[in-house]
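Reader: Hi! I have this structure open on my screen and I'd like to go through it with you. Could we start with one residue and work outwards?

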Amino acid sequence: MATASSLFLGLASHVATAPTARVRSTPLASAARSSLCLRRPSTLVAAAVQAEHQPAVAAAPKPPALPFRVGHGFDLHRLEPGLPLIIGGIDIPHDRGCDAHSDGDVLLHCVVDAILGALGLPDIGQIFPDSDPRWKGADSSVFMREAVKLMHEAGYELGNLDATLILQKPKISPFKETIRSNLCDLLGADPSVVNLKAKTHEKVDSLGENRSIAAHTVVLLMRK
């Protein structure tokens, strides 16, 4: 496992040089392009990670060389009026968005936790704590790229991913393929191994009352 300084210096270099994910040219993406846009990593975030930092991942043991590993991720955010709603790196038109320290991308946070869980590493909140001002408003693609880098460094690749979004509003079907395409780009994965579903909560509790949004993700990592 990389040391804390090399891990975050590597992250800063990767964020600074990695290409920005783009929406693939599909009919659905073309139809939705006018109402949504991809989030871009902040140069401030890239600079911040060069500072001294001691993440919990530095003390985590290297996972055994198993032929495959399974991870589950869960995330939930409160929805508040006047905030942007970002799902899978895509701005979704809505009258409210996630109240969070970073950009509040419930899907990317969930996927990151699933990958970290499969590797036996600490969760996203320990590695990128919301008490750290350098992650204020951070683009969640930064966290995704770090999780993917850790996956490859441990000798694994994505077998498949299955994610479920839970929200009452807005309807995700017009944007689902665009979100999935961007998720594939961030993971470096073929669309055939990345599945995305969306469900309402039947007007039950905070999810059903449009006061929160949640996501579940299961990943299978295969030994290279």
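Reader: Where does R145 sit?

Author: R145 is in helix α6. Keep in mind as we go that this is a predicted model.

Reader: Okay! And is R145 buried or exposed?

Author: R145 counts as buried, because its relative accessibility is 8% and the cut-off for buried is under 20%.

Reader: Which residue from further along the chain could I look for around there?

Author: Try G188. R145 and G188 are 43 residues apart along the chain, and their C-alpha atoms are separated by 9.7 Å.

Reader: Nice. How does α6 sit against α7?

Author: Helix α6, residues 141–153, packs with α7 at an angle of about 45°, and the axes are 9 Å apart. That angle makes α6 oblique to α7.

Reader: Which residues meet there?

Author: From α6 you have S141, M144, R145 and V148, and they meet L183, L186 and L187 of α7. Sorted by class, the contact has five nonpolar residues, one polar and one charged.

Reader: So R145 turns up again! What about α4 and α7, how do they pack?

Author: Helix α4 (residues 106–118) and helix α7 (residues 176–187) pack at about 40°, with 12 Å between their axes. These two are therefore oblique to each other, and their crossing is right-handed.

Reader: Which side chains should I click on for that one?

Author: On α4, pick L107, L108, V111 and I115; on α7, pick I179, L183, L186 and L187. This contact of α4 with α7 consists of eight nonpolar residues, with no polar and no charged ones.

Reader: Good, let's switch to the strands. What order do they have in the sheet?

Author: It is an open sheet of five strands in the order β4-β1-β7-β5-β6, and the pairing is mixed.

Reader: Why do β4 and β6 each have one side without a neighbour in the sheet?

Author: β4 (96–98) and β6 (194–199) stand at the edges and each has a single partner strand, so one side of each is left without a neighbour in the sheet. As for the twist, neighbouring strands are turned by 20° against each other on average, if you ignore direction.

Reader: How many bridges join β1 to β4?

Author: Three bridges join β1 (residues 68–81) to β4, and the two strands run antiparallel. To find the pairing on your screen, look at E80, which stands opposite G97 in β4.

Reader: And how do β1 and β7 pair?

Author: They also pair in the antiparallel sense, over eleven bridges. Here you can look for G71, whose bridge partner in β7 is V219.

Reader: Where do the helices lie on this sheet?

Author: α4 lies across β1, β5 (156–166), β6 and β7 (212–223), and runs at about 155° to β1. α7 packs on the sheet too, touching β5 and β6, and its direction makes about 140° with that of β6.

Reader: Let's do the loops. What is special about the peptide bond between K169 and P170?

Author: The bond joining K169 and P170 is cis, with omega about -5°. P170 lies in the loop between β5 and α7.

Reader: Which other proline could I look at in that loop?

Author: P174 is found between β5 and α7 as well. P174 counts as partly exposed, because its relative accessibility is 37%. In space P174 is 10.0 Å from I92, C-alpha to C-alpha, while 82 residues separate them in sequence.

Reader: What is phi for E202?

Author: Phi of E202 is near 50°, which is a positive value in a residue other than glycine. E202 lies in the loop between β6 and α8 (205–208), and at 63% relative accessibility it counts as exposed.

Reader: What about D205?

Author: D205 has a positive phi as well, about 55°, although it is not a glycine. D205 lies in helix α8 and is partly exposed, with a relative accessible area of 37%.

Reader: Last one: how many helices and strands does the chain have?

Author: The chain has eight helices and seven strands. Of its 224 residues, 50% count as buried. Among contacts between residues at least 6 apart in sequence, 79% join residues at least 24 apart.

Note on methods. Residues are numbered from 1 along each chain as its sequence is written. This is a predicted model: local features need pLDDT of at least 70, side-chain atom pairs count only at pLDDT 80 or more; totals for chains, interfaces and linings use all residues. Side-chain values use heavy atoms; hydrogens and water are left out. Axes are lines fitted to C-alpha atoms, for helices over the stretch in contact, and angles run from 0 to 180 degrees between N-to-C directions. Helices (H or I, at least four residues) and strands (E, at least two) are DSSP runs, numbered from the N terminus. Angles under 35 degrees count as roughly parallel, over 145 as roughly antiparallel, 65 to 115 as roughly perpendicular and the rest as oblique. A crossing is left-handed if the near helix is turned anticlockwise from the far one by less than a right angle, and right-handed if clockwise. Contact means heavy atoms within 4.5 Å. Ala, Val, Leu, Ile, Met, Phe, Trp, Tyr, Cys and Pro count as nonpolar, Asp, Glu, Lys and Arg as charged, and the others, Gly among them, as polar. Two strands pair if DSSP finds at least two bridges between them. Buried means under 20% relative accessible area, exposed over 50%, partly exposed in between (1.4 Å probe, protein chains only).
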